[in-house]
Amino acid sequence: MHSLGMVAARLHVSLLEPAALPDVIAFFDNEFILSRGRKISLAQRFSDTFSSGDCFIAAGKLEDRLVSALAVRAFTWVDSDREWHGAMIGLVCTKPQYRGRGYAAELLTAAEGRRRALGHDFAVLWAANHAIYQGLGWIAADRGILGTFRIPSRDAPLELPVAQEASVPEIHD
């Protein structure tokens, strides 16, 4: 019950498949693209994420209003002798007027349950504000080393293409 004696609206959390979610992608775009003066939709920037079968979205609604969402994408981490199945969690957002009510935490809990049910060994949370998530039990980790690169042979120099500004204008949008 709300402190004023009114019943507080309960967040309805659902796990949705990305192909059916143009409203959720628009929600993400408003938070991460349009509000920052950018123009290219996340659906274009990360088309493989939103169109693949290894992605799901946790959405939180109050009545019929989408107020919070996040995306989860599966990946495989290959070690020298083992494959680990992980989940990347990102695009965690809640509309400003609904922040501070624990809605993102509810979505993270739902995503954690789905992640475990899918057999993922671990999860990686991509977030800018680490303090919020540390309070939920997430641990900040070294983000500096993602892998190594080995040149196949000293006799066969590797040529990497260099992008020219004119060939990738959307990066500046």
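**Figure 1. Five helices and five strands make up the secondary structure of this predicted model.** Going along the sequence, the elements come in the order β-α-α-α-β-β-β-α-β-α. The protein has 173 residues, and 28% of them count as buried. Take the contacts with a separation of 6 or more: 60% of those are between residues 24 or more positions apart. As for the outside, the accessible surface adds up to about 11900 Å², with 55% of that belonging to carbon and sulfur atoms.

**Figure 2. Here is the largest pocket, with about 980 Å³ of space in it.** Its lining takes in 35 residues, and those closest to the centre are Phe 32, Gly 90, Leu 91, Val 92 and Trp 126. Which element gives the most to this lining? That's S4, with seven residues. Strand S4 spans 83-94, and the elements that each supply at least two lining residues also include helix H1 (22-32), helix H2 (42-45), strand S3 (65-78), helix H4 (103-117) and helix H5 (130-134). Sorted by class, the lining holds 22 nonpolar residues, six polar ones and seven charged ones.

**Figure 3. This close-up goes to helix H1 and its buried residues: Val 24, Ile 25, Phe 27, Phe 28, Asp 29 and Phe 32.** Their cover comes from several parts of the chain, including strand S1 (12-16), H2, helix H3 (47-51), strand S2 (55-62), S3 and S4. Phe 32 also turns up among the residues closest to the centre of the largest pocket. Phe 28 counts as buried because its relative accessibility is 0%, and Phe 27 is buried too, with a relative accessible area of 8%.

**Figure 4. Two aromatic pairs come out of a search of the whole structure.** One of them sits in the H1 view above: Phe 27 and Phe 28 make a tilted pair, with 6.4 Å from centre to centre and 55 degrees between the planes. The other joins Phe 75 and Phe 122; their ring centres are 5.6 Å apart and their planes are at 85 degrees, so this pair is edge-to-face. It ties together distant parts of the chain, since Phe 75 belongs to strand S3 and Phe 122 to strand S5 (residues 122-125), 47 residues apart. Is Phe 122 buried or partly exposed? At 25% relative accessibility, Phe 122 counts as partly exposed.

**Figure 5. Leu 62, in strand S2, is the residue to look for in this view.** Leu 62 is buried, with a relative accessible area of 3%. What does Leu 62 touch, not counting residues up to four places away in sequence? The list is Ala 9, Arg 10, Leu 11, Val 67, Tyr 98 and Tyr 103. Arg 10 is 52 residues apart from Leu 62 along the chain, yet 6.5 Å separates their C-alpha atoms.

**Figure 6. Glu 63 and Leu 91 are shown for their backbone angles, each with a positive phi of about 55 degrees.** Most residues other than glycine have a negative phi. Neither of these two is a glycine. Glu 63 lies in the loop between S2 and S3 and is exposed, with a relative accessible area of 63%. Leu 91, on the other hand, has its place in strand S4, and it is one of the residues closest to the centre of the largest pocket.

**Figure 7. A loop residue, His 120, gets its own close-up between H4 and S5.** Although it's in a loop, His 120 counts as buried, at 12% relative accessibility. Setting aside neighbours within four places in sequence, its contacts are Ala 74, His 85, Gly 86, Ala 87 and Arg 115.

**Figure 8. The last view takes us to Tyr 133 in helix H5.** Tyr 133 is buried, with a relative accessible area of 11%. Beyond the residues up to four places away in sequence, Tyr 133 touches Val 92, Leu 108, Leu 125, Ala 127 and Trp 138. Val 92 should look familiar from the pocket view, being among the residues closest to the pocket's centre. There's a C-alpha separation to pick out here as well: Tyr 133 and Ala 104 are 29 residues apart along the chain, and their C-alpha atoms are separated by 9.7 Å.

How values were computed. Residues are numbered from 1 along each chain as its sequence is written. This is a predicted model: local features need pLDDT of at least 70, side-chain atom pairs count only at pLDDT 80 or more; totals for chains, interfaces and linings use all residues. Side-chain values use heavy atoms; hydrogens and water are left out. On a 1 Å grid over the protein atoms alone, a cavity is a set of points where a 1.4 Å probe fits but cannot get out, and a pocket is an open set with protein on both sides within 12 Å along at least five of seven lines; lining residues have an atom within 4 Å of a point. Grid points are joined across faces, edges and corners, and a volume is the space filled by probe spheres set on the points. Helices (H or I, at least four residues) and strands (E, at least two) are DSSP runs, numbered from the N terminus. Ala, Val, Leu, Ile, Met, Phe, Trp, Tyr, Cys and Pro count as nonpolar, Asp, Glu, Lys and Arg as charged, and the others, Gly among them, as polar. Buried means under 20% relative accessible area, exposed over 50%, partly exposed in between (1.4 Å probe, protein chains only). Contact means heavy atoms within 4.5 Å. Accessible areas come from the Shrake-Rupley method with a 1.4 Å probe; for residues, only the protein chains shown count as cover. Rings of Phe, Tyr and Trp (its six-membered ring) pair if their centres lie within 6.5 Å; planes under 30 degrees apart count as stacked, over 60 as edge-to-face and the rest as tilted.
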